[in-house]
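Subject: Structure handover

Hi,

Here is the structure I promised to pass on to you. Open it next to this email and follow along as you read.

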Amino acid sequence: MIRCEIRGENIEVTDAIRNHIEEKVSKLERYFTNAPNTHAHVNIKTYSNKQGKVEITIPMKNLTLRAEEKHEDLYAAVDLIVDKLERQIRKHKTKINRKFREKNPEQDFFAKLEMDASHEFREEEDDKADTGSYIVRSKKFQLKPMDSEEAVLQMNMLGHDFFVFNDRETEGTSIVYKRNDGKYGLIETDQDI
């Protein structure tokens, strides 16, 4: 069961908004055979121009889903985000199934959605007064073994410009990043130094 933790910024989270979000997010459960104690972190923010932004992050054991949408209608934004999350799940599931069939063509993997690559992270934001430090947010995460292709997919699903991961082949820490030309780069660390 996916439980929603909803936080509003400059807006009161009414029962109607909460019910709509919980109803829409619960539709994602059908994609997972086993998703116990999963939490969807939902942030709702409204701006002075009546524009609203909704962000949903669902960190799971082997997959982190994330999407955001700006819209004048928060209900429409939630609908659009859930559609984005469903596309991410289907894309990732297809990719993992293809890789699994290439490695194990005699086994049927479609019955399970077991991902073998992701980050589990905990975000900490400092709400204290500005102390002059340039670091305003820190994240702690566990590196999971994966290849660079999986890391690019995970980076895109999170909407980030870079992604740190444990390279499955070299067993070293690597970074994939999005270049200005729209292509991707890979930085590998040298373990022999």
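Let's begin with the parts list: the protein chain has three helices and 10 strands. If you walk along the sequence, they come in the pattern β-α-β-β-β-α-β-β-β-α-β-β-β. Of the 193 residues in the chain, 37% are buried. The chain exposes about 12300 Å², and carbon and sulfur atoms supply 46% of that. Among contacts between residues at least 6 apart in sequence, 43% join residues at least 24 apart.

Before you dig in, keep in mind that this is a predicted model. The average pLDDT for the chain is 77, and 77% of the residues score at least 70. Where is confidence highest, and where is it lowest? Helix α1 (residues 15–26) comes out on top at 91, while strand β5 (residues 120–125) is at the bottom with a mean of 40. The pLDDT stays below 50 over residues 107–131, although this stretch has 73 contacts in the model beyond near neighbours in sequence.

Now for the strands β2, β3 and β4. β2 and β3 run antiparallel and are joined by six bridges, with T57 in β3 as the bridge partner of H41. The two strands form a hairpin with five residues between them, and K50 in the turn has a positive phi of about 70°. β3 also pairs with β4, again in the antiparallel sense, over eight bridges. In that pairing, K53 stands opposite K70 in β4. Why is β3 largely enclosed by the rest of the structure? It is because seven of its eight residues are buried.

Next, have a look at the nonpolar cores. As a rule of thumb, nonpolar side chains in soluble globular proteins tend to be buried together. The largest core here has 27 residues, and I21, I56 and I58 have the most contacts inside it. Elements giving two or more residues to this core are β1 (2–9), α1, β2 (38–46), β3 (52–59), β4 (64–71) and α2 (74–103). Of these, α2 gives the most, with seven residues. Try clicking on I58: leaving aside residues up to four places away in sequence, I58 touches V25, L28, T38, H39, A40, L63, T64, L65 and L85. There is also a second, separate core of eight residues, which includes M146, V152, L158 and F163.

That takes us to helix α3 (residues 148–158), which is mostly covered, with eight of its 11 residues buried. Which residues of α3 are the buried ones? They are E150, A151, V152, L153, Q154, M155, M157 and L158. At the start of α3, a side-chain oxygen of D147 comes to within 3.3 Å of the backbone nitrogen of E149. After the helix comes G159, which has a positive phi near 75°.

Last stop: an open sheet of four strands, in the order β7-β8-β9-β10 with mixed pairing. Strands in a sheet pair through backbone hydrogen bonds, either parallel or antiparallel. β7 (145–146) and β10 (184–188) are the edge strands, so to speak the outer rails: each pairs on one side only. Strand β9 (residues 173–178) pairs with β10 in the antiparallel sense over five bridges. To spot this pairing on screen, find S174, whose bridge partner in β10 is E188.

Have fun exploring!

Terms used
Residues are numbered from 1 along each chain as its sequence is written. This is a predicted model: local features need pLDDT of at least 70, side-chain atom pairs count only at pLDDT 80 or more; totals for chains, interfaces and linings use all residues. Side-chain values use heavy atoms; hydrogens and water are left out. pLDDT is the predictor's confidence in each residue, from 0 to 100. Contact means heavy atoms within 4.5 Å. Buried means under 20% relative accessible area, exposed over 50%, partly exposed in between (1.4 Å probe, protein chains only). A polar contact is a pair of N or O atoms within 3.5 Å; within protein, one must be able to donate a hydrogen and the other to accept it, and residues adjacent in sequence count only if both atoms are side-chain atoms. A nonpolar core is a set of buried Ala, Val, Leu, Ile, Met, Phe, Trp, Tyr and Cys residues joined through side-chain atoms within 4.5 Å. Two strands pair if DSSP finds at least two bridges between them. Accessible areas come from the Shrake-Rupley method with a 1.4 Å probe; for residues, only the protein chains shown count as cover.
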